[in-house]
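Trainee: Hi! Could you walk me through this model? I'd like to start with the ligand and then look at the pockets.
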Amino acid sequence: MSKKHNFGAGPCILPQEVFQQASAAVLDFNGLSILEISHRSSEFIDVMEEARDLVKKALNVPDGYTVLFLQGGASLGFLISAMNMSGKNKKAAYVNTGEWARKAVKEGKNAGLAVDVIASSEDKNYSYIPKGYSIASDYDYLHLTSNNTIFGTQFKSFPNSPVPVVCDMSSDIFSRRVNVADFDIIYAGAQKNLGPAGTTVYIVKENILGNSTHPAIPTYLDLKVHHEKDSMFNTPPVFPVYVSMLNLRHLIANGGVPAMEKRNQAKADLIYNEIDSNPLFKGTAVKEDRSNMNVTFVLEDEALAGDFTKMWTDAGVIGLKGHRSVGGFRASMYNAMDLDSVQVLVDVMKEFALKKA
Ligand SMILES: *Cc1c(COP(=O)(O)O)cnc(C)c1O
């Protein structure tokens, strides 16, 4: 098969080396398959420990935080974070920056909280990140979505908050430096930028554990339970945790998050420059809030969509179709995507403009 350039929004591409190591472990992991080993074996306990440690290392997680690998995706994270952060005011603030943020709002309500959407970009189809709003100090927490996978916007800096901040970082965790101390809970589905689908990473300030005012958190949804069991309360997703660990090893061996941030900036600059200089295309997000992970753009003339799609498909590009709520195209460029693959797409855009001139 000729090389495919996977611009899909998730599950994500991973480094080739990680795919190779993961497939080798399916066949032989200390004489067994990684798929059959006991999660209580010392071999797997080592994997889980290393995975948790590597998350701490990659993001310089300060003391006083725990790292957990759970199941349920970020979609369950919406509910888990709300239930665990439910405090004395039973009231939370959310910033609505897109479809995932809206789903988080819904789960905040399902957790029994009064939810205020204190800022929203819904008025302009989520094409920007709201700014300049105030955050009252009587909320139990503020919920943010760092990168809006569908709409192609990203918080370049986070608001100063008088209350604890919870952040869904599913689609940009490990893509750039973040100051973990600014957050009480960070959660992220692995399949956008960390590993295969099937696990969700949580970075949790330990002093929130056990303080929830929720009347009855189901056992699995209680982060304290998972912390006390070293992320092994029940059978963990062994293979997704293993592959995530391999990817974190690869990340750290290649310069860690700071190196990745530079590489991601170079990829973003390359494609946004093309979108801005090519007369056939325009970006859908305002420039200052453009995501470095998910690049959303449309054709000035939608009637050309079929011809353009044929050209990028012929070049081996896949997964470029935009989400139905934005239309057009979306180039998702997670950590493992090479600059060369972005160049392939940019070359197609240039060639398309020449052809249509
Ligand atoms: C994909 C995505 C989700 C949903 O993730 P699941 O793991 O499928 O539940 C939530 N938030 C963001 C920002 C996403 O990109």
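Mentor: Happy to! This is a predicted model, and a good place to begin is Thr149, where a polar side-chain atom lies 2.5 Å from an oxygen atom of the ligand.

Trainee: Nice. What about Ser75, how far is its side chain from a ligand oxygen?

Mentor: For Ser75, an N or O atom of the side chain is 2.6 Å from an oxygen atom of the ligand. Lys192 makes a contact of this kind too, with a side-chain N or O atom 2.7 Å from a ligand oxygen.

Trainee: And how much of the ligand's accessible area does the protein cover?

Mentor: The protein covers 89% of it. On its own, the ligand has 390 Å² of accessible area.

Trainee: OK, how many residues surround the ligand?

Mentor: There are 13 around it, and the closest are Ser75, Thr149, Asp168, Gln191 and Lys192. Sorted by class, that shell has eight polar, three nonpolar and two charged residues.

Trainee: Which helix gives the largest share of the shell?

Mentor: That's helix α3, residues 73–85, with four residues.

Trainee: Switching to pockets now. What's the volume of the largest one?

Mentor: About 450 Å³. Its lining has 26 residues, and those nearest the centre are Ile13, Leu14, Pro15, Ala336 and Met337.

Trainee: Where does the largest pocket sit relative to the domains?

Mentor: It lies between domain 1 (16–253) and domain 2 (257–356), because both of them give residues to its lining.

Trainee: Which helices and strands supply at least two residues of that lining?

Mentor: β1 (5–6), α1 (16–27), α6 (238–253) and α7 (256–277) each do. Of the elements involved, α6 gives the most, with four residues.

Trainee: And how do the lining residues divide by class?

Mentor: For the largest pocket, you get 13 nonpolar, nine polar and four charged.

Trainee: Got it. What about the second largest pocket, what's its volume?

Mentor: That one comes to about 220 Å³. It is lined by 14 residues, with Met85, Ser86, Gly87, Asp140 and Asn211 nearest its centre.

Trainee: How do the residues lining the second largest pocket divide by class?

Mentor: Eight are polar, three are nonpolar and three are charged.

Trainee: Great. If I go back to the ligand, which side chains should I pull up for those oxygen contacts?

Mentor: Pull up Ser75, Thr149 and Lys192. Each has a contact to a ligand oxygen that we went through above.

Methods: Residues are numbered from 1 along each chain as its sequence is written. This is a predicted model: local features need pLDDT of at least 70, side-chain atom pairs count only at pLDDT 80 or more; totals for chains, interfaces and linings use all residues. Side-chain values use heavy atoms; hydrogens and water are left out. On a 1 Å grid over the protein atoms alone, a cavity is a set of points where a 1.4 Å probe fits but cannot get out, and a pocket is an open set with protein on both sides within 12 Å along at least five of seven lines; lining residues have an atom within 4 Å of a point. Grid points are joined across faces, edges and corners, and a volume is the space filled by probe spheres set on the points. Ala, Val, Leu, Ile, Met, Phe, Trp, Tyr, Cys and Pro count as nonpolar, Asp, Glu, Lys and Arg as charged, and the others, Gly among them, as polar. Domain bounds come from an automatic or database domain assignment. A residue is near a molecule or strand if one of its heavy atoms lies within 4 Å of it. A polar contact is a pair of N or O atoms within 3.5 Å; within protein, one must be able to donate a hydrogen and the other to accept it, and residues adjacent in sequence count only if both atoms are side-chain atoms. Accessible areas come from the Shrake-Rupley method with a 1.4 Å probe; for residues, only the protein chains shown count as cover.
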